[in-house]
Amino acid sequence: AGGYGRPAQPVQPPASMAAKKPTPAPAPQAGASGAALSVTTQSKRDEIGIQTLVGDYKETGTNHGKKVYQKMQKIVGHEDIKVFLYYWDQRDGADFSGWWFGDQVGGSQVWARCVS
């Protein structure tokens, strides 16, 4: 849908960064952060690759019929980086289909992908 280019081939995340589906956050309560979902890790290491993705995400629109989410927290030392979680369907082939973490929807900078 509308104006986004297809995502680039994914960059391999560090071995310590297991690909996981985000887990939905509980429904926000009055005065809560407004997060639609939270991305967490079980890693004991504090790597920038993990910290780039971990956090609370708010819904910001749709792409290919699914919701698009944007990370709410800034990345310490990289405050200008935006992080999105979005879905890409099979219109460009199976290698491009799935849920992506990237700096923009359909952009060339992507950090991780989950096929389902």
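Let us start in a loop: His 64 lies between strand β3, residues 55-63, and strand β4, residues 66-71. At this spot the backbone does something worth a look, since phi of His 64 is near 50°, a positive value in a residue that is not glycine. Most residues other than glycine have a negative phi. His 64 counts as buried, because its relative accessibility is 11%, and the cut-off for buried is under 20%. Keep in mind throughout that this is a predicted model.

Now step back to the whole chain. It has one helix and seven strands. Reading from the N terminus, two strands come before the helix, and five strands follow it: β-β-α-β-β-β-β-β. Of the 116 residues in the chain, 34% are buried. The accessible surface comes to about 7,000 Å², and carbon and sulfur atoms account for 51% of that surface. If you count contacts between residues at least 6 apart in sequence, 39% of them join residues at least 24 apart.

How far can you trust what you see? The mean pLDDT of the chain is 79, and 72% of its residues reach 70 or more. One stretch needs care: over residues 11-31, pLDDT stays under 50. The model does have 28 contacts beyond four places in sequence for that stretch. Where pLDDT is low, however, the predicted coordinates should not be read in detail.

With that in mind, look inside. In soluble globular proteins, nonpolar side chains tend to be buried together. Here the largest nonpolar core holds 11 residues: Leu 37, Val 39, Leu 53, Tyr 57, Tyr 69, Ile 75, Val 83, Leu 85, Phe 101, Trp 111 and Ala 112. Strands β2 (37-39) and β7 (110-114) each supply at least two residues of this core. Another core, of eight residues, lies apart from it, and its members include Val 68, Tyr 86, Val 105 and Val 110.

One member of the largest core, Ala 112, is easy to find in strand β7. Ala 112 counts as buried because its relative accessibility is 13%, with the limit set at under 20%. Trp 99 is 13 residues away from Ala 112 in sequence, and their C-alpha atoms are 8.4 Å apart in space.

The helix offers another place to pause. Thr 52 lies in α1, which covers residues 48-53, and it counts as buried because its relative accessibility is 9%. Which residues does Thr 52 touch, leaving out those up to four places away in sequence? They are Tyr 57, Lys 71, Ile 75, Val 83 and Trp 111. Tyr 57, Ile 75, Val 83 and Trp 111 also belong to the largest nonpolar core.

Next, turn to the aromatic rings. The whole structure contains three aromatic pairs. One of them joins Tyr 86 and Trp 88 in an edge-to-face arrangement, 6.5 Å centre to centre and with 80° between the planes. Are these two residues, Tyr 86 and Trp 88, buried or exposed? Both are buried. A ring also takes part in a contact of another kind: the charged end of Lys 66 sits over the ring of Tyr 87, 5.3 Å from the ring centre.

Finally, visit two loops. Gly 77 is found between β4 and β5, the latter spanning residues 84-88. Gly 77 is exposed because its relative accessible area is 56%, and exposed means over 50%. Its C-alpha atom is separated by 9.9 Å from that of Ile 48, although the two residues are 29 apart along the chain.

Further on, Asp 95 is found in the loop between β5 and β6 (98-102). Asp 95 counts as exposed too, because its relative accessibility is 51%. The C-alpha atoms of Asp 95 and Val 115 are separated by 8.6 Å, with their positions 20 residues apart along the chain.

Note on methods
Residues numbered from 1 in each chain as written. Heavy atoms only, no water. Helix = DSSP H or I, 4+ residues; strand = E, 2+ residues; numbered from the N terminus. Buried < 20%, exposed > 50% of the residue type's maximum accessible area, 1.4 Å probe, protein only. Contact = heavy atoms within 4.5 Å. Areas by Shrake-Rupley, 256 points an atom, 1.4 Å probe, with all protein chains shown as cover. Phe/Tyr/Trp six-rings, centres within 6.5 Å; stacked < 30°, edge-to-face > 60°. Lys NZ or Arg CZ within 6 Å of the ring centre and 35° of its normal. Core = buried A, V, L, I, M, F, W, Y, C linked by side-chain atoms within 4.5 Å. pLDDT = per-residue confidence, 0-100.
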